[in-house]
Amino acid sequence: MATFLYRLGRLSFRRRALVAAVWAAVLVALGLGALTLSGQLSNSVTIPGTESQRAVDQLTAKFPQANAGGATARVVIEAPEGTSVTDAKGKAAVEALVTQLKTAPKVSAVVDPFQAQSISPDKRVALAQVSYGAKAYELTEADRQALQAPADAARAAGFTVEFGGDAVQGVPETGATEGLGVAVAAVVLIITFGSLVAAGIPLLTALIGVGTGMAGIFLASGFLELNSNTPILALMIGLAVGIDYALFIVSRYRHELSLGRDPEEAAGRAVGTAGSAVVFAGLTVIIALAGLTVVGIPFLGQMGVAAAVTVAVAVLIALTLLPAVLGFAGHRVAGGRIRLRRKPVETTHGERWARFVARHRIPVLLVALAGMAVVALPALGMQLGLPNDSTAAPESTQKKAYDIASRSFGEGSNGPLLVVVDVGASTNRQAALGQAAADIQKLPDVAAVTPARVNQNGDTGLLTVIPKSGPSSTQTEDLVAAIRAESGGLENATGAKLAVTGQTAANIDVSGKLSDAMLPYLALIVGLAFVLLMLVFRSVVVPLKATIGFLGSVAATFGAVVAVFQWGWLTDLLGVESTGPIMSMLPILLIGVLFGLAMDYQVFLVTRMREEHVHGAEPQEAMVTGFRHGARVVVAAALIMISVFAGFVLAESTLIQSIGFALAFGVLVDAFVVRMTLVPAVMSLLGRGAWWLPKWLDRILPDVDVEGEKLTKHLDAAPDDDERELVGASR
């Protein structure tokens, strides 16, 4: 592979105008396609096969008037202090608002608070329910504005009107948050290279790669229903790996130039050696992300595939467009116009740190492991859920509506349950519906059960159950399970069957499915990590150490996420406006993404140690030499990734904030605690034992030349020490 990449790098360098034109054409074509053919992104989080989804499908087939699966909005109207919504002025204001809501685009029905008797005990608050004939993701911003526009007249009269429900939720936006991460990444690149030209090339190619990937995703949204978080995850990962992969190759290219190679040869060698490591690193990320499809959760699989495609684009650009851009820049990439050091130093910070760790390996190991364990402790109390109005920003209309409804009607009013009663096999359908309502009313944590609505055929009834507890509480989760448990007894007694759906029940089902999928996916990733690293390092111990370190990084990150986004620590400092259960999809996403990035750093850092060991260096010196050559580029890469991910912590959406924080913290722990501290300590402690591999296994394992050593030997009949150092510096 290294030889092929060497030739590809030289060809791209020579035909740089053609390569640049091809990528420009691809970007323009996808961009035009995205502008003309893109569709609406979806906020819905559903999983086929769950009971709540089966109940929605049943309602769609037998009770279409119920608009199952359609968007809903809760409109909370609060009268001024000292008045009520039932006096003449209040009733007129509420009725006028309800009348106007019925004329809003795509609205199929509005439940009048007076007819539904949804008036608070103190008569100050009325609750109207708006149902749409379209799904939430099909609503445009104009539709949402039309929903809220009728409230202006009531507000002018002194009433408080707030809106909740999925109909109010727009597609999450990141604003300019990613720009801050890119700016910090630019600073890191300038410090690393000491050259504006060299620093600008990784940024340029990464932005082109992200633009290409994002255009492709938005183009695909015109043909597929994509979750609204899909492009955000792709943007995060694409920016980070795009910059990092270019960083590795440009670093190698500059090193080749410093040895007197001509630019074309330097580009070929850079792509053949550092590019080989980039291909392997990219494959690990792609496999981890694409592996999300095996957990059986469609929207999560779509997010993983979209991000994986963006990473694949980043790899292709690093192997083709990057050497073409280097062809345009030539020797200017090596020009260090910004001098950050007045004189070279004989011993680098990386070497000093490696020797310190080697001398104090036992205390360093204990301190690092103890620190990770302490940070991971909050993960024991992690609660998973999906976002609802209770986790919205404090100043948002959704959060205000949630608080008013909770204060006036109880928290359960924000998360009603829909119970579908199939009475087709009942001899007395009305009695069966009454029995179902009576049985549910007796259950703990039930505040109210509304009278049943029946379809035209009379074989399907719909009950609305108001819990006493909020939609994210364990009591409501237990209530859903209890209602479903009643189905067997009701069927035996009356022939009727129960099924629970609604947004709250659907969220519970989705969270449960995601939680159940986390451990199998983690086992898949850990097994994959072990096999891949065993191929690369031809060792059993090194992969075992790497995977254990990865698990430690995941546990510590889970703990930090719980402390911030569930417990509320450091929320003011980080700008987190609301806390609550951790987004159900976050643990699986974090495992997949962090695995890929962790393996990147493992490869770039430890391959040089392996090369020194193979060439006969003593274990301690092999570790120190490998660390000296790999530490600088790994630190720069980690800082860039942390910067890009941390920029998303400034987003308005709590979900996006939590993903950005989790990835930034995960990379921080994995790069600086696991790879830069635990790895050299363990390698020093184990010595030659770190490279143990049974002979029978050594014979059957293919030889994966990630560092491109065979290519270098082929190009240089007798490579000297500097040449070997050059090969290792690219890892």
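**View 1. Arg14 and Glu264 pair up in a salt bridge.** At 45% relative accessibility, Arg14 counts as partly exposed. This is a predicted model, and here the Arg14 side chain meets that of Glu264 at 2.9 Å, N to O. Glu264, at 16% relative accessibility, is on the buried side of the cut-off. What does the pair tie together? Arg14 belongs to helix α1 (residues 2-14) and Glu264 to helix α11, so the bridge links parts that sit 250 residues apart in sequence. As a bit of background, side chains of opposite charge can pair when their charged atoms come close.

**View 2. Arg269 sits in helix α11 (residues 263-290).** Is Arg269 buried or exposed? With a relative accessible area of 5%, Arg269 is buried, because the cut-off for that label is under 20%. Its side chain makes a polar contact with the side chain of Glu265, at 2.8 Å.

**View 3. Arg144 and Glu141 form a salt bridge within helix α6 (residues 141-148).** The two side chains meet at 3.3 Å, N to O. The partners are three residues apart in the helix, so about one helical turn separates them. Their surroundings are worth a look too: Glu141 is partly exposed, with a relative accessible area of 45%, whereas Arg144 is buried at 9%.

**View 4. Arg688 and Glu618 make a salt bridge between two loops.** The closest N and O atoms of this pair are 3.5 Å apart. Where do the partners lie? Arg688 is in the loop between α24 (654-686) and α25 (695-700), and Glu618 is in the loop between α22 and α23, so the pair ties together parts that are 70 residues apart in sequence. Arg688 is partly exposed, with a relative accessible area of 45%, and Glu618 is partly exposed as well, at 48%. Zooming out to the other salt bridges, which residues share partners in one network? Arg10, Arg14, Glu264, Glu265 and Arg269 are joined that way. For the whole model, the salt bridge count comes to 21.

**View 5. Helices α14 (residues 349-359) and α23 (residues 619-647) pack against each other.** The angle between them is about 145 degrees, and their axes are 8 Å apart. α14 passes α23 in a right-handed crossing. On the α14 side, the contact is made by Gly350, Glu351, Trp353, Ala354, Arg355 and Ala358. Facing them from α23 are Gln620, Glu621, Met623, Val624, Phe627, Arg628 and Ala631. By type, the residues of this contact split into seven nonpolar, two polar and four charged.

**View 6. Tyr601 is buried in helix α22 (residues 586-614).** Its relative accessibility is just 2%, so Tyr601 counts as buried. What does Tyr601 touch, leaving out residues up to four places away in sequence? The list is Asp244, Val634, Ala637, Ala638, Met641, Val667, Asp670, Ala671 and Arg675. For a sense of scale, the C-alpha atoms of Tyr601 and Met303 are separated by 24 Å, with their positions 298 residues apart along the chain.

Note on methods:
Residues are numbered from 1 along each chain as its sequence is written. This is a predicted model: local features need pLDDT of at least 70, side-chain atom pairs count only at pLDDT 80 or more; totals for chains, interfaces and linings use all residues. Side-chain values use heavy atoms; hydrogens and water are left out. Axes are lines fitted to C-alpha atoms, for helices over the stretch in contact, and angles run from 0 to 180 degrees between N-to-C directions. Helices (H or I, at least four residues) and strands (E, at least two) are DSSP runs, numbered from the N terminus. A crossing is left-handed if the near helix is turned anticlockwise from the far one by less than a right angle, and right-handed if clockwise. Contact means heavy atoms within 4.5 Å. Ala, Val, Leu, Ile, Met, Phe, Trp, Tyr, Cys and Pro count as nonpolar, Asp, Glu, Lys and Arg as charged, and the others, Gly among them, as polar. Buried means under 20% relative accessible area, exposed over 50%, partly exposed in between (1.4 Å probe, protein chains only). A polar contact is a pair of N or O atoms within 3.5 Å; within protein, one must be able to donate a hydrogen and the other to accept it, and residues adjacent in sequence count only if both atoms are side-chain atoms. A salt bridge is a side-chain nitrogen of Lys or Arg within 4 Å of a carboxyl oxygen of Asp or Glu.
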